[in-house]
Amino acid sequence: MSRDSALDAYWNFFRSFNTRDAYEFSAALHYPHVRFSWRSDPVILADLEAHALRMSWKPFIAMGWDHTNGLEPEVVHESGDKWHIKGGWTRVDKDDNPILSNRVTYIVTRLEGSWGIQCRYGTDPNNVRPSDDIENQSALDIAREWYVALHAQDEELAKSLCAKAYYEINAGSVAKQSMGTDLELDSLSNMEIKTIQGGSNSATVALNGMATSVLVYLTKAEQWTIKAVSWI
């Protein structure tokens, strides 16, 4: 399947997953690749081989899985080498009965002329058939406070709203930051802030501006913190 566009890459992700071929599925991704969840720490996989070696369809087959259907995508942000796409999937049995659903925001990048999935922000709800997205006001408030801190060039406040280890997603790189890392303070203004996807323990929030936009992933343990950001 073509990967000439970000939307091609989105649909190719599900097509290749359904082949049950670890190398074909891994080829649908860009590297370093990372998937975020509130359930566990992210693992950054350096290349196709590392990803393929971790793949197994046995757990999916054991739950009665036959194939996965992708949700209709919605473009959140786009640029020449990176798109943010709201989507997700439903795993189904051979009769197309749903087994498990999830909402995911995909960061799709173009490297050497080809588009692929660089990163995934997972909602990962507790129930197998999630209801509509939840708009967590507390998560929105944290994203808004972070934006205000960046706009005010207040690095200490901005850092305090992030997890001890947080990540910046770029085309062809995933940079792990820490509380001791200097932030690139952007002078942001007139940003619209809204929830893209959300569950009880995670939220993807978009900050939309005229000159720049950012997709923020937050998770909740004792409190909401920013786990990852992707700028466009």
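Okay, so a search of the whole structure turns up six salt bridges, where a salt bridge is a side-chain nitrogen of Lys or Arg within 4 Å of a carboxyl oxygen of Asp or Glu. Before I go through some of them, the ground rules. This is a predicted model, so local features need pLDDT of at least 70 and side-chain atom pairs count only at pLDDT 80 or more, while totals for chains, interfaces and linings use all residues. Numbering runs from 1 along each chain as its sequence is written, and side-chain values use heavy atoms, with hydrogens and water left out.

Right, salt bridges. Side chains of opposite charge can pair when their charged atoms come close. Take R20 and D66, whose side chains meet at 4.0 Å, N to O. R20 sits in the loop between α1 (6–18) and α2 (22–26), and D66 in the loop between α4 (58–62) and β3 (67–70), so this pair ties together parts that are 46 residues apart in sequence. When I say helix or strand, I mean DSSP runs numbered from the N terminus: H or I with at least four residues for helices, E with at least two for strands. Both ends of this bridge are partly exposed: R20 has a relative accessible area of 36%, and D66 comes in at 29%. The cut-offs there are buried under 20% relative accessible area, exposed over 50%, and partly exposed in between, with a 1.4 Å probe and protein chains only.

Next one: D124 with R35, where the closest N and O atoms are 2.7 Å apart. That links distant parts of the chain again, with D124 in the loop between β7 (114–122) and α5 (137–151), R35 in strand β1 (residues 29–36), and the two positions 89 residues apart. Is D124 buried or exposed? It's buried, at 8% relative accessible area, whereas R35 is partly exposed at 28%. Keep R35 in mind for the pockets.

And a local one: K159 and E155, with closest N and O atoms 3.8 Å apart. These two are four residues apart in helix α6 (residues 155–160), about one helical turn. K159 counts as buried at 13%, and E155 as partly exposed at 24%.

On to pockets. Rolling a probe the size of a water molecule over the atoms shows where empty space is left. Here that's done on a 1 Å grid over the protein atoms alone: a pocket is an open set of points where a 1.4 Å probe fits, with protein on both sides within 12 Å along at least five of seven lines, and lining residues have an atom within 4 Å of a point. The largest pocket has a volume of about 860 Å³, volume being the space filled by probe spheres set on the points.

Which residues lie nearest its centre? Out of 33 lining residues, those are R35, F60, W89, R91 and R120. So there's R35 again, the partner of D124. At least two lining residues each come from α1, β1, α3 (48–54), α4, β5 (82–92) and β6 (98–111), and β6 gives the largest share, four residues. By class, that lining has 16 nonpolar, 10 polar and seven charged residues.

The second largest pocket is about 200 Å³. Its lining includes S37, W38, S40 and D41, along with K220, E222 and K227. Two or more of the lining residues come from each of β12 (213–220) and β13 (224–231). The split there is two nonpolar, five polar and four charged.

Those two strands take us to the sheet. It's open, with six strands in the order β9-β8-β13-β12-β11-β10 and mixed pairing, where two strands pair if DSSP finds at least two bridges between them. At the edges stand β9 (173–178) and β10 (192–198), each with a single partner strand, so one side of each has no neighbour in the sheet. Neighbouring strands are turned by 25° against each other on average, direction ignored.

Now the pairings. β10 and β11 (residues 202–208) run antiparallel, joined by six bridges, with K194 opposite A206 in β11. Seven bridges join β12 to β13, also antiparallel, and L215 stands opposite S230 there. The two form a hairpin with three residues between them. On its other side, β13 is joined to β8 (residues 162–170) by three bridges, in parallel, with C162 and I226 as bridge partners. Last point: eight of the eight residues of β13 are buried, so that strand is largely enclosed by the rest of the structure.

Notes:
Nonpolar A, V, L, I, M, F, W, Y, C, P; charged D, E, K, R; others polar. Axes fitted to C-alpha atoms, helices over the stretch in contact; angles between N-to-C directions.
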